[in-house]
Amino acid sequence: MRILVSNDDGYFSPGIAALAEVASGFGHVEVVAPERDRSGASNSLTLDRPLSVRRTQNGFRYVNGTPTDCVHVAVTGLLDHRPDLVLSGINDGANMGDDTIYSGTVAAATEGYLLGIPAIAFSLVRHGFGHLDTARKVVSDVLTRFLARGSDAPLLLNVNIPSVPLAELRGTRLTRLGRRHAAEPVVVDTNPRGQTIYWIGPAGAARDAGEGTDFHATETGWVSVTPLEMDLTGERRMDEVRAWLDPSP
Ligand code: MN
């Protein structure tokens with residue numbers, strides 16, 4: 001079992017060290033991660049310059065690119081063998097609901113999935129890596145069950161882990177993505193040279209956080225596991241658009 005581990009927080013994150021350590025109990029691990037925090041990078045590829053790969057003393061490799069670049073470069077040219085599994089995280093903070101659109105953590109896993117490899121994104125809900133031991137145990141449990149599923153067909157999972165002591169964890173729930181309210185407005189400020197600058201505001205609060213959502217599960221002490229699809233076709237909007245685009249029967 002060959003496992004590629006990446007993230008979006010950067011190769012130096014405690015989250016990726018924990019993920020690589022747990023994963024090494026399941027197979028041969030290669031770490032290829034961004035050289036700096038690329039949270040929010042989504043599924044972006046760097047096309048306007050070449051990429052470099054360097055190696056740290058502990059064997060982790062880091063790339064001056066996005067999470068998607070890391071997995072793309074690793075799978076399509078850097079590694080000697082194609083990985084059997086791509087893992088991303090453990091992210092410093094939740095990736096639930098609409099977060100998944102912007103998330104670099106989910107994007108790294110998605111790139112593996114799009115390249116035909118099963119992939120899982122792991123996030124620890126509250127910032128700061130409190131209860132990272134809980135996350136370690138969850139990763140181990142999810143991997144054990146995932147690898148025993150009796151298939152090696154590509155599958156993309158988004159896993160969010162509540163930031164609670166292990167004893168308070170209630171179990172695992174299969175969930176759908178919730179929805180957030182629109183993000184907070186940009187914060188307008190002035191830099192030391194008197195120029196106006198804009199900071200992207202924080203994500204909005206949960207709007208659809210009802211029973212069955214990732215928000216609800218983690219809020220009530222459950223690990224949230226959501227299978228993701230990458231086909232953006234709006235199947236439910238086909239009839240609506242057909243009505244004005246091509247009204248002929
Ligand atoms: Mn991140």
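**Figure 1. The largest nonpolar core of this predicted model has 32 residues.** Start your tour with Val-5, Leu-87, Ile-90, Ile-120 and Phe-122, the residues that have the most contacts inside this core. Two or more residues come from each of strand E1 (2-6), helix H1 (14-23), strand E2 (28-34), strand E5 (85-92), strand E6 (119-124), helix H5 (132-147), strand E7 (156-161) and strand E13 (222-227). H5 is the element that gives the most, with 7 residues. Another core, of 18 residues, lies apart from this one, and Val-32, Val-71, Val-75 and Ala-109 are among its members.

**Figure 2. Ile-90, a residue of strand E5, follows a cis peptide bond.** The bond in question runs from Gly-89 to Ile-90, and its omega is near -10 degrees. Ile-90 is also one of the residues with the most contacts inside the largest nonpolar core. Leaving aside residues up to four places away in sequence, Ile-90 touches Asp-9, Gly-15, Ile-16, Ala-18 and Leu-19, and also Phe-122, Ser-123, Leu-124, Phe-129, Leu-132, Ala-135 and Val-139. Of these partners, Phe-122 is likewise listed among the core residues with the most contacts.

**Figure 3. Four residues coordinate the manganese ion: Asp-8, Asp-9, Ser-39 and Asn-91.** Asp-8 and Asp-9 each offer OD, Ser-39 offers OG, and Asn-91 offers OD1, at 2.1 to 2.3 Å. If you like to read a site along the chain, the donor residues are spaced D-D-x29-S-x51-N. Ser-39 sits in the loop between E2 and strand E3 (53-55), while Asn-91 belongs to strand E5, so this pair ties together parts that are 52 residues apart in sequence. Are these two donors buried or exposed? Asn-91 counts as buried because its relative accessibility is 6%, under the 20% limit. Ser-39 is partly exposed, with a relative accessible area of 42%.

**Figure 4. Nine strands line up in an open sheet with mixed pairing.** Follow the order E3-E4-E2-E1-E5-E6-E7-E13-E8 from one edge to the other. The edge strands, E3 and strand E8 (171-174), each pair on one side only. On average, neighbouring strands of this sheet are turned by 25 degrees against each other, with direction ignored. Zoom in on E5 and E6 and you will find parallel strands joined by 5 bridges. Here Asp-92 has Leu-124 of E6 as its bridge partner. Leu-124 is also one of the residues that Ile-90 touches.

**Figure 5. Strands E10 and E11 form a hairpin.** E10 (residues 187-190) and E11 (residues 196-199) run antiparallel and are joined by 4 bridges. Look for Val-187, whose bridge partner in E11 is Trp-199. The two strands have 5 residues between them, and in the turn Gly-194 has a positive phi of about 80 degrees.

**Figure 6. Ser-42 and His-131 have positive phi values although neither is a glycine.** For Ser-42, phi is about 55 degrees. This serine lies in the loop between E2 and E3, which is also where the manganese donor Ser-39 is found. For His-131, phi is near 60 degrees. His-131 lies in the loop between E6 and H5, and this histidine is partly exposed, with a relative accessible area of 34%.

**Figure 7. Ala-148 is an exposed residue in the loop between H5 and E7.** Its relative accessible area is 62%, which is over the 50% limit for exposed residues. To get a feeling for the distances involved, pair Ala-148 with Gly-65: the two are 83 residues apart in sequence and 34 Å apart in space, C-alpha to C-alpha.

**Figure 8. Stepping back, the protein has 7 helices and 13 strands.** Its C-alpha atoms fill a box of roughly 60 × 55 × 40 Å along the principal axes. How does the radius of gyration fit with a compact globule? For 249 residues such a globule would have a value near 18 Å, and the protein has 19 Å, which agrees. Buried residues make up 44% of the 249 residues. Among contacts between residues at least 6 apart in sequence, 75% join residues at least 24 apart.

Definitions and conventions:
Residues are numbered from 1 along each chain as its sequence is written. This is a predicted model: local features need pLDDT of at least 70, side-chain atom pairs count only at pLDDT 80 or more; totals for chains, interfaces and linings use all residues. Side-chain values use heavy atoms; hydrogens and water are left out. A nonpolar core is a set of buried Ala, Val, Leu, Ile, Met, Phe, Trp, Tyr and Cys residues joined through side-chain atoms within 4.5 Å. Buried means under 20% relative accessible area, exposed over 50%, partly exposed in between (1.4 Å probe, protein chains only). Contact means heavy atoms within 4.5 Å. Donors are N, O and S atoms within 2.8 Å of the metal (3.2 Å for Na, K and Ca); water is not among the atoms, so sites may look incomplete. Two strands pair if DSSP finds at least two bridges between them. Axes are lines fitted to C-alpha atoms, for helices over the stretch in contact, and angles run from 0 to 180 degrees between N-to-C directions. The radius of gyration is taken over C-alpha atoms; the globule rule is 2.2 Å times the number of residues to the power 0.38.
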